[in-house]
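Here is a short set of questions and answers on one protein chain. Please look at the sequence and the model before reading on.

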Amino acid sequence: MDLLHQSFSTNLLAPLLAQQTAFLLDGATGILLGVVISCLLIATGAGQILRRQPDSSVNPAIVQAFIRRVRAWWLMTAILAVTFMIPSPVATVILFFLISFWALREFITLTPTRLGDHRTLFWVFFVLTPAQYVLVAMGESQYELFSILIPVYGFLFVAARIAVAGDYKRFLERIAKIQAGLYICVYSLSYAPALLYLTDWTDPEYSHRSTAGLLFYFLLIAQLSDLLHFVCSRLLGKNVIAPNINASRTWEGFFAGTGVTAVVGAMLSLTGATPFNPWQSAVMAIIISVMGAAGGMAMSAIKRDRGVQDYGTLVEGHAGVLDRIDAICFAAPVFFHLTRYYFTTAGS
């Protein structure tokens, strides 16, 4: 038994313990955090100035939406800053696990299931979701398993468990709902904290740096592009992309917002928080922006299908948690794999 316990500790717990002292908020990430806080201060001041303008000069609805989004940014930045200051990436992984759990709850609440699905949902919430984040927290060594746990084993389990329950009514619809929620809210989102474990950088110049800056860069670009798409669509938009899905997203806003996001991404590379040079950072920002916009449209389609306006009311500024993270969910797996590929090939 002692030998078995020692083997378990060595094989499963060692990756977690090894990270306890390897993760700190370094100087480059601190600079990026300072830039974000400065921009939030400016945005807060601008929102207060616009708020005092006459209604005839500025649309009050746009101003209020802008102010609420800035407040939500303050909340997210504060929470992330606290987790980054803890000398372990596990704290950030736990934060994203809690976000996933709540987002999945919102999704399942919006897409009601039958009594026969309740035991399946127990496994989804209390086994598959924690298991995914435990594997993420174990680091790069478990990449092969956490990358297939849900889309392979999880999906097969959901279908089989619902079938065993004996309720065949709307079977395909029911398993599709649960699988979609599990894939978007848990699997896709888990790739965001997984960025913290991409420490095998082939370029010696970056081998000693914390990957907190990489995660912060990704989250900043994803949220900024969402805001820019909204603002540019309001100011420049004429041609709505899909009126029946989201009447506030236009082609003009999409291209303008993506272009500005690319410029910001190139500028953020100068902080040194990421390994990308300006043009690489701009390309990454474009990819994040495009995937984020796709996520926003897809989640809007689900809401329209269910006849609701928002997923929830927990986060001020973007009614539900899932409303706030839709761009992150769609962009995280793509950004993770592109970054991992970059780390793998940078030194070759």
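The questions below concern a predicted model.

Q: Which helix gives the most residues to the largest nonpolar core?
A: The largest nonpolar core has 80 residues, and Y217, F218 and F335 have the most contacts inside it. With 13 residues, the element that gives the most to this core is helix α9.

Q: Which residue, with F218 and F335, has the most contacts inside the largest nonpolar core?
A: Leaving out residues up to four places away in sequence, one residue touches ten others by name, including L32, L268, M284, I288 and F335. The residue that ranks with F218 and F335 for contacts inside the core is Y217.

Q: How many residues apart in sequence are the parts that D117 and R174 tie together?
A: The side chains of D117 and R174 meet in a salt bridge, at 2.7 Å from N to O. D117 lies in the loop between α4 and α5 and R174 in helix α8, so the distance in sequence between the parts they tie together is 57 residues.

Q: Is K177 buried or exposed?
A: K177 meets E173 in a salt bridge of 3.2 Å, N to O. E173 is partly exposed, with a relative accessible area of 36%. Buried means under 20%, and K177 has a relative accessible area of 12%, so K177 is buried.

Q: Which helix holds D323, the salt-bridge partner of K303?
A: The closest N and O atoms of K303 and D323 are 2.7 Å apart. Both K303 and D323 are buried. K303 is in helix α11, and 20 residues away D323 is in helix α12.

Notes:
Residues numbered from 1 in each chain as written. Predicted model: local features only at pLDDT ≥ 70, side-chain atom pairs only at ≥ 80, totals over all residues. Heavy atoms only, no water. Core = buried A, V, L, I, M, F, W, Y, C linked by side-chain atoms within 4.5 Å. Buried < 20%, exposed > 50% of the residue type's maximum accessible area, 1.4 Å probe, protein only. Helix = DSSP H or I, 4+ residues; strand = E, 2+ residues; numbered from the N terminus. Contact = heavy atoms within 4.5 Å. Salt bridge = Lys/Arg side-chain N within 4 Å of Asp/Glu carboxyl O.
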